[in-house]
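Please find below my notes on this model, set out as numbered points. They take the ligands, then a helix, a hairpin and the cysteines.

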Amino acid sequence: MKNYEKTGILSTKDFILPTKKQLKKGVAILECVQKIPCNPCVDSCPVGAISMKDINSLPVVDFDKCIACGKCVGACPGLAIFVVKIKEDKGLVTLPYEFLPVPSVGEQVSVLDREGKNQGEGIVQKVIKNGKTIIVTVEVDKDLIMDVRNIRVKI
Amino acid sequence: MYFRSGESFLRIKKHPIIEFRDQKRIQFYYNNKKKVGYTGDSIGSALHALDIKHLTTSLVYDSARGFFCGIGKCSSCLMKVNGIPNVRTCIAPLKADIHVETQDKLADLPDAEFKNISKKKIDVDILVVGGGPAGMCASVEAARQGAKVLLVDENQHIGGQLIKQTHMFFGSKNERAGTRGIQIAKDLEEEIKDFEKNSKINLMLDSTLIGYYEGEKNRYRFGVVKRIDYDSKLYDVCCKSVILCCGAMEDMLLFPGNALPGVYGAGGVQTLMNVYGIKPGKNVVMVGAGNVGLIVSYQLLQAGVHVDRVIEAMPFIGGYHVHAAKLRRCGVPIFTSYSIKEVYGDGKVEGCVVVRLDKNWRPVKGSEEKISCDTVCLAVGLTPSIRILSQIDVRIKFIPEAGGYIALHDENMQTTVNGVYVAGDSSGIEEASTAMIEGKIAGVSSALHLGYNKEEGKKLRKQYVGDLKRLRLGPFGEKSRVAKEKISNVLEAKK
Ligand code: SF4
Ligand code: SF4
């Protein structure tokens, strides 16, 4: 049994990691590790970077093809897709967000890891409201881009 | 964004996904005291918003009981309304000036004379029972083939459990993946309304199928009661074919305190939150980490309710990892190999005791932990609703992988009785996406049975059967595959 089947928490060993070069360009990380019957991520990608053998197999991202546009983040019903990017000495994480209040650009928010633990502060860079799942890009320490997966807006 | 009025701390004011519209205040009486609820409330939800959770009294013990399932299936919310006993207050709509009273255990039933009561006759091609995902799709599909359909549902709203599914669905484009269940319900309702305009579908809400009766040759005959403002109208429905999509009922677990008000089925809580806009309480312990338990926990967070933890008796999380991950990154812990030992409280839930299980599922002594909470949600499985099916004399069999007793059926969703079809959870517990395809198959099959659109229908059905098989191919479809295989084996042996 995989550890995440007990805990619900993935480790970076559970999925393929992009190279440094790919991270600089920005890539989508699909934290979708079980064969569930689902494929909207494939249809959502404008450059065909996500592929799947059939609906019950795992989605695979071609990191070189991916243009880090974030379209797949809002299309995934499992809220399992994140876009990560390294920009100089900072890191950017784009994540799906379905809570209130909705943060605004420039706002300081708490950033949380896969266990909901506070990993410090981040600055909201971008907020896309297209439907009810809001797509938030937050700037964090560049070493945290593989850990930060949620935000908490300060009330 | 609409802001919902209402002074109760239990009414959800703002929600990230659902737009609750401002409703009109309605005055009613609860044990002769004036109370206020809102249009759209059921009696049960209005009382709940007022923090009145003790609705009835246990028949065996002298203890308080509140509603469990919220969809009219468990009868733990029976009250007297305008003098009528045993009203299922969780689904009965709140109306102005009604008198709601707690009844003393087994109520005295009023005298009634049914002999000369007038009943209206309805003759129709196809009767569809249950307006959830399966029943809506079955009705639309059958009407599209040219058949005349009567769709009967006991709730005020059409949509079954779809109207509380605020998350996006999985699947492919054909199953409308990425769309929220609440939106799918709205779209299907629109399609039904279009068919209503040219009288292809006749929708009867607030109506309960009360039984199956002998009809003329090649006809099925059912009694249907429609409720209009606490008055009932009786219908004598004759049809050439019937599709039963009666859904399922949430399972109970045995432990001391399981009947206390504040112990709910997870689906009951979902109804309360997402249909009526009312929180179950402030702090929840969720029992069961299957998809239902995980999804409802996440939706509790979205409604602004604290979820203390999710416990799961199995040594692993049964639901999709993506659902578990959503909860975990919000800080909600999931404890596997844990069970609930008891719920305690004086007339309502004040807390619970959880316990760790060893390899053999036995409680580990000394591992008990007391958690203070006001709500315990059970998400421990569902049982298909098959009462009417058993009256029609179709062959019923116990198939554990399907969730219990179900009507045997073939690939085209026909039972062992010609012209009688099943679809959705009442044909075996699965997901809403599979229920919708099953509904489509049953709808086409039923229309084909009556001779409508033979060539096209057969092609369409073949396509749907293929879609369904594909969805069940993965590891999470194994249970359904085993269930369906067992069913076809029994049918083969019979031949
Ligand atoms: S981020 Fe854009 S380009 Fe990259 S996989 Fe997602 S949709 Fe495709
Ligand atoms: S849309 Fe999301 S959940 Fe579905 S397969 Fe793609 S990554 Fe997985």
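1. The shell around ligand 2 consists of 10 nonpolar residues, with no polar and no charged ones. Here Ala, Val, Leu, Ile, Met, Phe, Trp, Tyr, Cys and Pro count as nonpolar, Asp, Glu, Lys and Arg as charged, and the others, Gly among them, as polar. Ligand 2 lies between chains A and B. Its surroundings include Cys32(A), Cys38(A), Cys41(A) and Cys76(A), together with Phe170(B); a residue is near a molecule if one of its heavy atoms lies within 4 Å of it.

2. On conventions: this is a predicted model, in which local features need pLDDT of at least 70 and side-chain atom pairs count only at pLDDT 80 or more, while totals for chains, interfaces and linings use all residues. Residues are numbered from 1 along each chain as its sequence is written, chains are lettered from A and ligands numbered from 1 in the order in which they are written, and side-chain values use heavy atoms, with hydrogens and water left out.

3. Ligand 1 is surrounded by 13 residues, the closest being Cys45(A), Cys66(A), Cys69(A), Gly70(A) and Cys72(A). Its shell divides into 11 nonpolar residues, one polar and one charged.

4. Helix α5 (residues 291-302) of chain B has 11 of its 12 residues buried, so it is largely enclosed by the rest of the structure. Buried means under 20% relative accessible area, exposed over 50%, partly exposed in between (1.4 Å probe, protein chains only). Helices (H or I, at least four residues) and strands (E, at least two) are DSSP runs, numbered from the N terminus. The cover over the buried residues of α5(B) includes α4 (266-274), β17 (306-312) and α6 (321-328) of chain B, contact being heavy atoms within 4.5 Å. After α5(B) comes Gly304(B), with a positive phi near 90 degrees.

5. Strands β24 (residues 396-399) and β25 (residues 404-407) of chain B run antiparallel and are joined by four bridges; two strands pair if DSSP finds at least two bridges between them. Lys397(B) has Ile406(B) as its bridge partner in β25(B). The two strands form a hairpin with four residues between them, and Gly403(B) in the turn has a positive phi of about 105 degrees.

6. How many disulfides are there over all chains? The count is zero, a disulfide being a pair of cysteine sulfur atoms within 2.5 Å. The sulfur of Cys77(B) is 3.9 Å from its closest cysteine sulfur, in Cys90(B), which is too far for a bond. Cys77(B) is buried at 2% relative accessibility, and Cys90(B) is buried at 5%.
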